[in-house]
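Me: Could you take a close look at one part of this model for me, the small sheet and whatever packs on it?

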Amino acid sequence: MENKIPIKGPSTAYQIIDDEAVIIVPSEQMVNVLNPVGSRIWDLADGKRSIAEIAEILAQEFDVSYETAIEDAIEFTGELAEKKVIRFAGEEKEK
Amino acid sequence: MSTKTNPYARIVKKTMDRLIPFTVHWELTYHCNLRCPHCYVVPQNSREELSSGEITSILDILKEKGTLYVIFSGGEILTREDFFDIARYTRKKGFAMRFLTNGTLINERVADQIKDLDPLSVEISLYGSRPEVHDRITACPGSFEKSVKALGLLRERSIRTVVKSLLMKGNAPEFQRMKKLAQEIGSQFLYDTVIIPRMDGSMEPCNNRLDGEELYWLLYREVQQKEKEVDPRENDLSCSAGLNVLSISPYGDVYPCMAFKESGGNLTKNSLSEILHSPIFSKIRSITLSDLRECKRCEFIQYCNRCPALAWLETGDLLGPSQADCLMARVIKGIIDRNQERAVFEDQIRTPSQNVRGEKRT
């Protein structure tokens, strides 16, 4: 799982205000506001970094252990993928 | 909406406090294929509309500055040959889009292209529930059929649609039938009764406005008691123009809102920061209730959703009253007063405290 590369969903609208990401899935007419850690994961989900690489950055920036960061990153990206807000590189596209 | 418990409301407030243009209303073109007499648009034919390259550069800036919502309108957006290039770029940048259109240029192929863009909504103007009413207003035979067909094509593709209507002298009796039509199509229905003056200052479109009596009979079933709760004294003015909302013209001029056509600068020449701190943006943001000489003393103020732009358009005075808003406030108060009287009367006839002989009922 930690080697997966998350990418923002192509139909997802978003903006980051300070440390908080506002995410909209137009097809669901749904607005989500992510907390600072979730927002940073969202910001780093650029289709280039793996979850492990994202966790390394989180550990440094939020002063937590790598184990905690990777656990959070795996759980959170899984949730976002379920909501089709992100997808993983190599997996079937959202649309 | 409490900002303590609602994270989204908290973010919206933050964008207002920090002048982040969260919502941008962008008039992509002033060209249109319809000829509605109430339209405020006056194309400036001597000026070039922004190219798609200029538009994408501005979109880059808006993304960086915090914009989330982009509302594309016109004129008619689909008269721009590069509309889908612009919209695809807007989608790629992660903006949430709404499209305002008359729908007449939407066919199966265009509807498919719109579907791929995942807009929040496509909002189509309709001025009647029948061709003879709508087409007379648009001055374009066949436009009703095309607009209604477009709504169907979009709904078939699960795109959220909104029927938007401006109610005026030529179509007010259609109000309930239009609501029903929108419901049958599966669209939300939104209406307005305020016709704004033309951009060149002409008041001619306003000749189509409904008078007080017409508004009363049109709206008496729509106005609910809750509207009385609007009290501008509590939060001064609720207008977000120039705070977290701005409007861009087809030429790149930037206004505090779509109706208030006093430019704070042009995005081909000025930075967004310069524009947001320009005298006109600063002026509109600084207005408080105490500045409104007449409005602050008005007995109808709690029924009024005063629009500074409308006051300015009608009289040239940003701080004065607007005829249209004054009229609407009086109409709403009249309806609420009548509803209250009726409620008291109905209460009395339903639960009489005494019988016909004057004996108290138990």
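Reply: Two strands pair if DSSP finds at least two bridges between them, and strands (E, at least two residues) and helices (H or I, at least four) are DSSP runs numbered from the N terminus. Before we go on: this is a predicted model, where local features need pLDDT of at least 70, side-chain atom pairs count only at pLDDT 80 or more, and totals for chains, interfaces and linings use all residues. Residues are numbered from 1 along each chain as its sequence is written, with chains lettered from A and ligands numbered from 1 in the order in which they are written.

Now the sheet. S2(A) and S3(A) run antiparallel, joined by five bridges, and A:Ile17 sits opposite A:Glu20 of S3(A). Add S4 and you have an open, antiparallel sheet in the order S2-S3-S4 of chain A. S2 and S4 of chain A are the edges, each pairing on one side only.

What lies across these strands? Helix H1 (residues 36-44) of chain A crosses S2 and S3 of chain A, at about 65 degrees to S3(A). Helix H1 (residues 7-17) of chain B lies across S2, S3 and S4 of chain A, at about 75 degrees to S4(A). (Axes are lines fitted to C-alpha atoms, for helices over the stretch in contact, and angles run from 0 to 180 degrees between N-to-C directions.)

That brings us to the contact between the chains: 14 residues from chain A and 16 residues from chain B, where contact means C-beta atoms, placed from the backbone, within 7 Å. On chain A's side, S2(A) gives the largest share, four residues.

Methods: Contact = placed C-beta atoms within 7 Å.
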